[in-house]
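Reader: I should be grateful for a close look at a single part of this model. Please set out the arrangement of one sheet with care, and then place it within the wider assembly.

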Number of protein chains: 2
Amino acid sequence: MLATIMHAPRDVRCEEIAEPRIEKPTDAIIRLSASCVCGSDLWPYRGANEINEPKAMGHEYCGVVVEVGSAVTSVKPGQFVVGSFCLSDNTCPHCKFGFHSSCVQREIMSGAQAPFARVPLADGSLVATAELPSDDLIPSLLAVSDVLGTGWFAADAAGVQEGSTAVVVGDGAVGLMGVLAAKRMGAARIIAMSRHKTRQDLALEFGATDIISERGDDGVARVKQLTNGVGAESVLECVGTQESMSQAMNCARPGGKIGFVGVPHGVTFDGQYLFRQQKSLLGGAAPVRRYLPYLMDLVLNREISPGKVFDLEVPLTDVAEGYRAMDERRAIKTLLRL
Amino acid sequence: MLATIMHAPRDVRCEEIAEPRIEKPTDAIIRLSASCVCGSDLWPYRGANEINEPKAMGHEYCGVVVEVGSAVTSVKPGQFVVGSFCLSDNTCPHCKFGFHSSCVQREIMSGAQAPFARVPLADGSLVATAELPSDDLIPSLLAVSDVLGTGWFAADAAGVQEGSTAVVVGDGAVGLMGVLAAKRMGAARIIAMSRHKTRQDLALEFGATDIISERGDDGVARVKQLTNGVGAESVLECVGTQESMSQAMNCARPGGKIGFVGVPHGVTFDGQYLFRQQKSLLGGAAPVRRYLPYLMDLVLNREISPGKVFDLEVPLTDVAEGYRAMDERRAIKTLLRL
């Protein structure tokens with residue numbers, strides 16, 4: 001089959017590789033309904049993460065089960081499933097505590113930018129729908145696998161609740177999903193920080209009440225202005241740089257909460273600074289599996305349309321262009337037709 | 001009057017100074033019922049904080065109001081009051097949000113290791129009792145002002161609740177108050193890390209269920225052993241060094257919460273480490289004013305006895321010995337008779 005392989009920074013190719021097969025009794029093989037490129041794929045693409053060997057890309061997935069290992073009991077061939085990008089057994093103490101992304105058996109999905117993929121820990125990671133969903137729901141179901149689940153965790157970690165004021169730092173796909181999540185959680189005011197018209201428009205569509213195009217100190221000053229000098233009780237940090245993290249920290253009010261989901265690159269915190277700030281900090285790889293059944297239902301009931309975050313669709317053979325468009329910020333998120 | 005002045009590291013003197021007087025209409029003057037030395041006083045004492053000029057020490061206080069400024073309406077001469085070491089107006093948005101220690105008018109109390117003290121922001125900072133408390137309750141009421149309130153905040157920030165497992169890092173007075181707080185909040189298991197017999201005994205008296213004398217990696221391994229390899233959902237960090245903070249972080253389970261109240265000295269966090277850890281972090285100067293009425297009631301109803309943390313009592317004229325005993329860990333916390 002054709003699959004997406006990253007060889008080096010900016011060198012992503014669609015290449016012929018062997019189809020995946022069951023390797024462990026806990027595996028499943030799925031035929032993907034669609035795939036996509038993640039913002040985090042841009043870290044190695046841009047040279048920020050090392051690439052030691054050619055890497056099969058793709059960790060967001062949904063599709064139809066074609067085969068299961070002998071130990072798999074919760075899903076069967078023919079079922080439509082969505083899984084989390086973090087694979088987990090859903091039975092260990094960390095999973096039971098809702099932190100599936102710290103599962104004792106945790107693995108990260110790979111190779112999903114391809115027509116078929118092997119899903120380890122299938123019982124713990126996959127959630128099946130009652131029936132095959134209609135085609136138009138596929139992009140939104142695919143979004144649940146990571147980008148929506150991650151934005152949702154950011155809002156959850158930031159303690160968004162009915163009536164909250166939430167600030168979203170980062171107008172990438174995750175940030176936009178954070179806006180959607182904050183809206184669903186009842187935030188009364190959602191301030192999206194974005195300077196790109198198409199992203200601003202999507203943020204507004206997802207529920208943002210205010211858009212701030214300023215960054216850094218100016219952006220913080222605008223947030224303070226909009227919140228009577230107080231700051232926000234919830235801040236979603238969806239980038240992962242020192243600049244964005246500082247911005248998030250400074251936008252939060254004392255006692256406020258920052259949920260950070262942008263993988264930190266070169267970010268450090270001074271202990272005494274954190275002490276003075278008095279702001280709660282929780283982040284990490286999102287425990288998407290915790291939210292999966294609930295979020296899939298919202299999509300299946302057409303209550304949310306996270307799939308709108310895909311503003312570019314290319315065939316798998318053009319995956320290189322899909323990456324390029326995101327890297328150059330011409331596209332928010334690329335859907336791959338398989 | 002005689003008062004405690006720090007001139008340089010290890011140079012604390014009891015000296016004659018002018019009695020305090022009302023300087024602002026929002027001030028009150030109190031006659032202290034007792035005073036004490038704080039663990040945080042040891043930072044400058046040990047040379048970890050700079051001392052640029054002779055400093056009137058003492059920020060923990062309770063006593064009888066002798067005079068109030070013209071703008072003070074909530075307390076009057078003759079009333080017994082307890083105040084927070086962080087002075088606050090109790091009306092600004094941060095106070096209303098429960099984070100009095102980030103009050104827009106915030107000041108830190110000083111000069112309370114003396115028979116009389118000036119309390120700025122008296123209306124916002126002081127809470128009066130209905131009647132004069134009996135003498136034997138004075139140490140416990142004094143403890144509410146900072147050391148208990150700070151331990152309480154550590155437990156609160158660490159999310160201790162009914163049935164929790166809590167680890168307390170640090171067996172100083174604040175750590176021991178953290179044990180008491182966790183017990184009152186319903187923690188089912190309270191693991192105190194201490195290698196000093198008298199402190200271990202007091203921890204057990206305050207409600208610790210387990211004592212761990214190992215430190216560093218060995219201490220973490222023992223916590224893991226006691227929690228089926230999982231770690232604790234709540235960790236109270238009551239020291240403020242890189243070592244204690246790492247220990248706290250490593251004792252918490254993914255999704256667990258760390259409340260840190262030891263003033264960080266030389267502590268830094270790597271963003272990617274925090275991301276991988278998936279642990280919530282909240283700390284700072286405790287918003288004691290939030291807890292003051294509740295904690296004072298617990299003391300007045302004799303439901304808690306935080307005053308037991310004072311294991312040395314000296315007259316004010318011997319304050320230097322009071323500091324020395326704490327510095328050398330011969331005393332947990334020194335009460336000053338005035």
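Author: In this predicted model, a convenient starting point is T4(A), which stands opposite C14(A) in strand 2 of chain A. That pair belongs to the junction of strand 1 (residues 2–8) and strand 2 (residues 11–16) of chain A, which run antiparallel and are joined by six bridges. Another pair at this junction sets A3(A) against its bridge partner E15(A) in strand 2 of chain A. Strand 1 and strand 2 of chain A form a hairpin with two residues between them. In the turn of that hairpin, R10(A) has a positive phi of about 65°.

Strand 1 of chain A also pairs with strand 4 (residues 55–56) of chain A, in the antiparallel sense and over two bridges. Here the bridge partner of M6(A) is K55(A) in strand 4 of chain A. The outcome is an open sheet of three strands in chain A, in the order 2-1-4, with antiparallel pairing. Strand 2 and strand 4 of chain A stand at the edges with a single partner strand each, so one side of each is left without a neighbour in the sheet. Helix 11 (residues 319–327) of chain A packs on this sheet and touches strand 1 and strand 2 of chain A. The direction of helix 11 of chain A makes about 160° with that of strand 2 of chain A.

Chain B may be described in corresponding terms. Three strands of chain B form an open sheet in the order 2-1-4, and the pairing is antiparallel. Its edge strands are strand 2 (11–16) and strand 4 (55–56) of chain B, each of which pairs on one side only. Strand 1 (residues 2–8) of chain B pairs with strand 2 of chain B in the antiparallel sense over six bridges, and the bridge partner of A8(B) in strand 2 of chain B is D11(B). Helix 11 (residues 319–327) of chain B packs on the sheet, touching strand 1 and strand 2 of chain B. The direction of this helix makes about 160° with that of strand 2 of chain B.

Pairing of strands also occurs between the chains. Strand 16 of chain A and strand 16 (residues 268–270) of chain B pair in the antiparallel sense over three bridges. Within this pairing, D270(A) has T268(B) as its bridge partner in strand 16 of chain B.

The interface as a whole brings 35 residues of chain A into contact with 35 residues of chain B. The two chains bury about 3,000 Å² between them, and 62% of that area lies on carbon and sulfur atoms. F97(A), F275(A) and Q278(A) supply 24% of the area that chain A buries against chain B, more than any other three residues. The rule finds zero salt bridges across the interface of chain A and chain B, whereas 14 residue pairs are in polar contact there, both residues being at pLDDT 80 or more. Several elements of chain A each supply at least two residues to the side that touches chain B, among them helix 2 (93–96), strand 16 (268–270) and helix 9 (271–277). Strand 15 of chain A gives the most to that side, with five residues. By class, the side of chain A that touches chain B has 17 nonpolar, 14 polar and four charged residues.

Note on methods. Residues are numbered from 1 along each chain as its sequence is written. Chains are lettered from A and ligands numbered from 1 in the order in which they are written. This is a predicted model: local features need pLDDT of at least 70, side-chain atom pairs count only at pLDDT 80 or more; totals for chains, interfaces and linings use all residues. Side-chain values use heavy atoms; hydrogens and water are left out. Contact means heavy atoms within 4.5 Å. Buried area is the accessible area (1.4 Å probe) that two parts lose on being put together, summed over both. A salt bridge is a side-chain nitrogen of Lys or Arg within 4 Å of a carboxyl oxygen of Asp or Glu. A polar contact is a pair of N or O atoms within 3.5 Å; within protein, one must be able to donate a hydrogen and the other to accept it, and residues adjacent in sequence count only if both atoms are side-chain atoms. Helices (H or I, at least four residues) and strands (E, at least two) are DSSP runs, numbered from the N terminus. Ala, Val, Leu, Ile, Met, Phe, Trp, Tyr, Cys and Pro count as nonpolar, Asp, Glu, Lys and Arg as charged, and the others, Gly among them, as polar. Two strands pair if DSSP finds at least two bridges between them. Axes are lines fitted to C-alpha atoms, for helices over the stretch in contact, and angles run from 0 to 180 degrees between N-to-C directions.
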